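Here's a friendly walk through a structure you may not have met before. Have a look at it first, and then we'll go through it piece by piece.

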Amino acid sequence: MSGRALRLTWVQPEDLVGHELRQAAQDGRDAAPIERRWLAAGGRAAPERAGASPGPGDPALRPLAERLLDELALLPAPSADREPTGLDTIRAACPEWPAPPPAGTAAADRLVLESRLHAGWLGRAAGCVLGKPVEKLPLAGIRALAGATGNWPLDEWFTARGLPAELTAAHPWNRRSAATSLAENIDGAPEDDDLNYPLLGLLLLHRHGHGFATADVAGLWLDELPAGRTFTAERVAYRNLLAGIEPPATASHRNPFREWIGAQIRADVFGWTHPGDPAAAAELAHRDAVLTHTSNGVYGAMFVAATVAAAAGGGQDVHGCLRAGLSVVPPDSRLAAAVRLGVATARELPAPGDFDTVVDRLHARYADHHWVHVLPNAALLAAALTHADGDFTASICRAVSGGWDTDSNGATAGSVAGLLAGSPTALPARWTAPLKNRLATSVAGFDGIGFDELAALTLEVVA
């Protein structure tokens with residue numbers, strides 16, 4: 001029998017070596033001798049944007065790739081001491097780690113909180129859908145597509161109406177998303193991993209409560225998450241689970257994506273369910289994140305969970321929420337530096353017309369990072385939220401217009417800004433009406449669910 005060869009993305013050892021070499025350089029690990037051996041044998045650099053190299057590699061390279069991945073893991077990293085992964089060590093490294101709310105502090109009125117959570121879900125979905133058609137596109141392509149339809153600075157859904165054919169040929173929409181996420185075809189919220197993971201987090205809390213273990217996350221994934229719906233670090237960890245490797249080794253074994261954005265996109269639900277308690281939200285996010293990520297990849301999740309928890313609690317503006325997020329991140333880490341850079345650059349250039357310059361500076365700083373790495377995306381998220389100053393439309397549009405992982409950043413920005421808005425009616429109808437209170441998903445039991453129902457289910461597991 002003959003047929004086209006399967007190129008499974010994100011797990012081919014011969015593709016992973018290039019990504020690990022890049023991560024080693026960013027960590028300050030001396031991988032030059034290993035890189036020379038890899039290139040001399042005919043190995044390739046990491047794919048720039050895709051999950052697999054364009055064509056099949058030499059089968060003889062696979063054993064070498066596996067050996068080199070193991071050798072790279074043994075190289076000492078100068079950043080290791082200031083970027084721990086263990087929760088106790090992280091907490092000890094954070095001098096401003098937030099105290100728990102005073103005993104007896106009353107939770108927000110349940111109806112008020114449910115409305116706020118509803119806005120958070122809607123905001124996350126709207127920001128995600130806005131970013132879907134331009135995911136993977138370079139920054140120049142995003143600007144060109146929006147600008148050609150008079151939508152720059154970005155202020156509306158992307159559209160293909162009126163676009164010159166040569167422009168869409170030069171900058172094609174994301175092929176999986178364009179049919180469901182342009183202004184002319186949005187019909188409810190389409191499926192996306194940025195929306196599937198909050199559903200899985202909700203299932204996790206309903207089944208195991210707030211005391212869940214990382215092994216419970218792994219078991220839930222094996223029961224409910226198709227392997228083909230995972231990407232980057234999540235797919236590697238899934239592969240490791242099937243190979244009999246247990247958490248937290250699932251996060252580090254031949255996983256060059258362990259400091260990418262995947263854990264960060266899973267963290268909102270822990271903030272939604274711990275309103276006003278950033279520390280508790282960060283601790284749950286850590287427990288979830290270490291299945292797939294280490295150090296900065298884990299910090300991204302903790303940062304978002306704490307930021308979202310502060311927003312869910314009410315009483316703080318977006319700047320206070322970002323400070324709460326930063327308080328659970330080791331201050332000498334690269335993730336903390338990225339967040340501080342995003343905030344400072346946005347403050348330095350606060351005018352609405354200045355945001356392109358903010359973005360250009362961040363892209364110059366992180367030009368050597370993959371578009372899904374947590375560091376550039378955390379910097380952009382912090383910059384977008386700071387620059388928008390709590391405005392919902394500005395928050396999601398700035399996050400998406402900055403490029404990199406557009407749907408993930410739009411989703412998180414929308415979640416935070418939605419919570420700050422406080423209710424679904426406070427969100428502009430042009431963002432919520434096309435979603436039709438309907439979410440598509442392959443997570444069993446949730447397909448077609450409304451965001452109002454999701455808010456009620458979330459409220460049931462609020463701590």
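## Arg-334, tucked away with two partners

Let's begin with Arg-334, keeping in mind that this is a predicted model. Its relative accessible area is 16%, and the cut-off for buried is under 20%, so Arg-334 counts as buried. Who does it pair up with? One partner is Asp-27: the two form a salt bridge, and their closest N and O atoms are 3.0 Å apart. Arg-334 sits in helix H17 (residues 334-348) while Asp-27 belongs to helix H1 (residues 13-27), so this pair ties together parts that are 307 residues apart in sequence. Asp-27 is buried too, with a relative accessible area of 9%.

Arg-334 also makes a salt bridge with Glu-83, at 2.7 Å from N to O. Here again distant parts of the chain get linked: Arg-334 is in helix H17, and Glu-83 is in the loop between helix H3 (61-73) and helix H4 (87-93), 251 residues away. Glu-83 is buried, with a relative accessible area of 5%.

## Salt bridges elsewhere

How many salt bridges are there in the model? The count comes to 25. Another one to look up is the pair Glu-224 and Arg-207, whose closest N and O atoms are 2.7 Å apart. Glu-224 lies in helix H10 (residues 214-224) and Arg-207 in helix H9 (residues 193-208), so the bridge ties together parts that are 17 residues apart in sequence. Is each partner buried or partly exposed? Glu-224 is buried at 19% relative accessible area, whereas Arg-207 is partly exposed at 44%.

Some salt bridges share partners, and in that way Glu-20, Asp-27, Arg-29, Glu-83, Arg-258, Glu-259 and Arg-334 are joined into one network. You've already met Asp-27, Glu-83 and Arg-334 above.

## The annotated binding site

Which residues carry the UniProt annotation "binding site"? According to the record, an unreviewed entry, they are Asp-405, Asp-407 and Ser-408. Asp-405, Asp-407 and Ser-408 are also part of the lining of the largest pocket.

Take Asp-407, in helix H21 (residues 406-421). It counts as buried, with 0% relative accessibility. Setting aside residues up to four places away in sequence, Asp-407 touches Gly-127, Cys-128, Gly-131, Lys-132, Glu-135, Asp-192, Asp-193 and Asp-194. Ser-408 lies in helix H21 as well, and it is buried with a relative accessible area of 3%. With the same neighbours in sequence left out, Ser-408 touches Asp-194, Ile-261 and Ile-265. Its side chain is joined to that of Asp-194 by a polar contact of 2.7 Å. If you're following along on screen, Asp-194 is a handy landmark, since it appears among the contacts of Asp-407 and of Ser-408.

## The largest pocket

Now for the pocket itself. The largest pocket has a volume of about 1,200 Å³. Of the 44 residues that line it, Glu-135, Lys-136, Asn-174, Arg-176 and Phe-231 are the closest to its centre. Glu-135 may ring a bell: it is one of the residues that Asp-407 touches.

Which elements give two or more residues to the lining? They are H9, helix H11 (232-242) and H21. The largest share comes from H9, with four residues.

## Two more stops

Ser-177 is in the loop between helix H7 (165-170) and helix H8 (178-181). Is it buried or exposed? Ser-177 is buried, with a relative accessible area of 4%. Not counting its neighbours within four places in sequence, Ser-177 is in contact with Lys-132 and Pro-133. Lys-132 turned up earlier, as one of the residues Asp-407 touches.

Last comes Glu-66, which lies in helix H3. At 28% relative accessibility, Glu-66 counts as partly exposed. Beyond residues up to four places away in sequence, Glu-66 touches Pro-13 and Arg-254. Gln-12 is 54 residues away from Glu-66 along the chain, and the C-alpha atoms of the two are separated by 9.6 Å.

Conventions. Residues numbered from 1 in each chain as written. Predicted model: local features only at pLDDT ≥ 70, side-chain atom pairs only at ≥ 80, totals over all residues. Heavy atoms only, no water. Salt bridge = Lys/Arg side-chain N within 4 Å of Asp/Glu carboxyl O. Buried < 20%, exposed > 50% of the residue type's maximum accessible area, 1.4 Å probe, protein only. UniProt positions renumbered as here; feature names shortened; annotations may be inferred. 1 Å grid on protein atoms, 1.4 Å probe; cavity = no way out; pocket = protein on both sides within 12 Å on 5 of 7 lines; lining within 4 Å. Contact = heavy atoms within 4.5 Å. Polar contact = N/O pair within 3.5 Å; in protein donor to acceptor, adjacent residues only side chain to side chain. Points joined across faces, edges and corners; volume = space filled by probe spheres on them.
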